[in-house]
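Hi everyone, thanks for making the time. Please have the sequence and the structure open, and I'll walk you through how the pieces fit together.

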Amino acid sequence: MPHSHPIGIFDSGIGGLSVAAKVRELLPADDILYVADSRHAPYGDKSDAFILERMNTVTDFLLGQGAKAVVVACNTATTSAIAQLRASWSVPIIGVEPGVKPAVLATRSGVVGVLATPRTLQTHSFSALAARFSSTVSIAVQPCPDLVGQIEALRFDDDRTLALLNRYISPLLEKGADTIVLGCTHYNYLADRIAQVAGPGVQIVSTESAVAREVMRRLACEGLLAESGKTGDEAFYTSGELAVFARQIDCLWGPGKAVYSL
């Protein structure tokens, strides 16, 4: 596949933009196609079968647009069905998973907290991930069913968001967590607020930079990196309301970007 083709990135909504931004930093010459499957957000309360159907639909769209690789920038989708997606398509498919491993390496108290959607925490994939480290540290999980909606609405600083953060983080601190994993890409946009609520002794672990490095590594291995010297462009698509998505892109990526309906 020509190295000039774009990188496809998708999420149930805008959370994956945090991953796309890191990909842009590392790969300034590559074009990016981003899809927010906002009509069906959040994935965190959907079944595995529904999530896989949406993953296949969006991947089919991205490959139809010439994507040379697909980044599943959603923890719930990755832990629910990325193995099935990889079995169906031959292009590089890169997922995200909660950063439990780096958190285990960082903890001093021996207690790692994980903030994630209910569905991510219920998957076999996450259970297997946590079990790999449960003999050496305690993994304290906290489902956050209402947080994605606040982020999708760009309500980063309102009272309800702060109240939710206090509600979700307090149990982890009571269990002795000194490291908190952001197990949903949406939560990256609240990293500073989460750090403030958790306090100075708690380290916040996110994975968007690691995912971007893996995208670069995979493309390099496949000989698919764009030629240097050009400036990559972005195209943003949504299955949701176009006007809402335009406001989200203006806020999180920058003004002047065109948005399109999926």
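**Salt bridges, sheets and helices**

Let's begin with the charged side chains: the count comes to 12 salt bridges. Keep in mind as we go that this is a predicted model. As a reminder, side chains of opposite charge can pair when their charged atoms come close.

I'd like to show you one of those pairs. Lys230 and Asp31 meet through their side chains in a salt bridge, at 3.4 Å from N to O. Where in the chain do Lys230 and Asp31 sit? Lys230 is in the loop between H10 and strand S9 (234–238), while Asp31 is in the loop between H1 and strand S2 (32–36). The two are 199 residues apart, and the pair links distant parts of the chain.

Those loops lead us straight to a sheet. Here 6 strands make an open sheet, in the order S4-S3-S1-S2-S9-S10, and the pairing is parallel. Why is one side of S4 and of S10 left without a neighbour in the sheet? Strand S4 (93–95) and strand S10 (259–261) are at the edges and have a single partner strand each, so one side of each stays free of a neighbour. From one strand to the next, the twist averages 20°.

Now look inside this sheet, at S2 and S9. They pair in the parallel sense over 5 bridges, and Val35 stands opposite Tyr237 in S9. Helix H1 packs on the sheet, where it touches strand S1 (7–11), S2, strand S3 (69–72) and S9. The direction of H1 makes about 175° with that of S2. Helix H11 (residues 242–252) packs on the sheet as well, touching S2, S9 and S10, and its direction makes about 150° with that of S10.

H1 has a helix partner too. The axes of helix H1 (residues 17–26) and helix H10 (residues 208–222) come within 8 Å and cross at roughly 50°. That angle makes H1 oblique to H10, and the crossing is right-handed. On the H1 side, the contact is made by Ser18, Val19, Lys22, Val23 and Leu26. H10 brings Glu208, Ser209, Val211, Ala212, Arg213, Val215 and Met216. Sorted by class, this contact of H1 with H10 has 7 nonpolar, 2 polar and 3 charged residues.

Let's turn to the other sheet. This open sheet has 4 strands in the order S6-S5-S7-S8, with parallel pairing. Strand S6 (138–143) and strand S8 (203–205) are the edge strands; each has a single partner strand, so one side of each lacks a neighbour in the sheet. The twist averages 25° from one strand to the next. S5 (residues 111–116) runs parallel to S6, and 6 bridges join them. Val112 stands opposite Ile139 in S6.

Which helices lie across these strands? Helix H8 (residues 159–174) lies across S5, S6 and strand S7 (179–182), at about 165° to S6. Helix H9 (residues 191–198) lies across S5, S7 and S8, at about 155° to S7.

Finally, H8 and H9 pack with each other at an angle of about 55°, with their axes 9 Å apart. H8 is therefore oblique to H9, and it passes H9 in a right-handed crossing. Leu162, Leu165, Asn166, Ile169 and Leu173 of H8 meet Arg193, Ile194, Val197 and Ala198 of H9. The residues of this contact divide into 7 nonpolar, 1 polar and 1 charged.

Thanks for listening!

Note on methods
Residues numbered from 1 in each chain as written. Predicted model: local features only at pLDDT ≥ 70, side-chain atom pairs only at ≥ 80, totals over all residues. Heavy atoms only, no water. Pairing = 2+ DSSP bridges. Axes fitted to C-alpha atoms, helices over the stretch in contact; angles between N-to-C directions. Contact = heavy atoms within 4.5 Å. Parallel < 35°, antiparallel > 145°, perpendicular 65-115°, else oblique. Left-handed = near helix turned anticlockwise from the far one by under 90°. Nonpolar A, V, L, I, M, F, W, Y, C, P; charged D, E, K, R; others polar. Salt bridge = Lys/Arg side-chain N within 4 Å of Asp/Glu carboxyl O.
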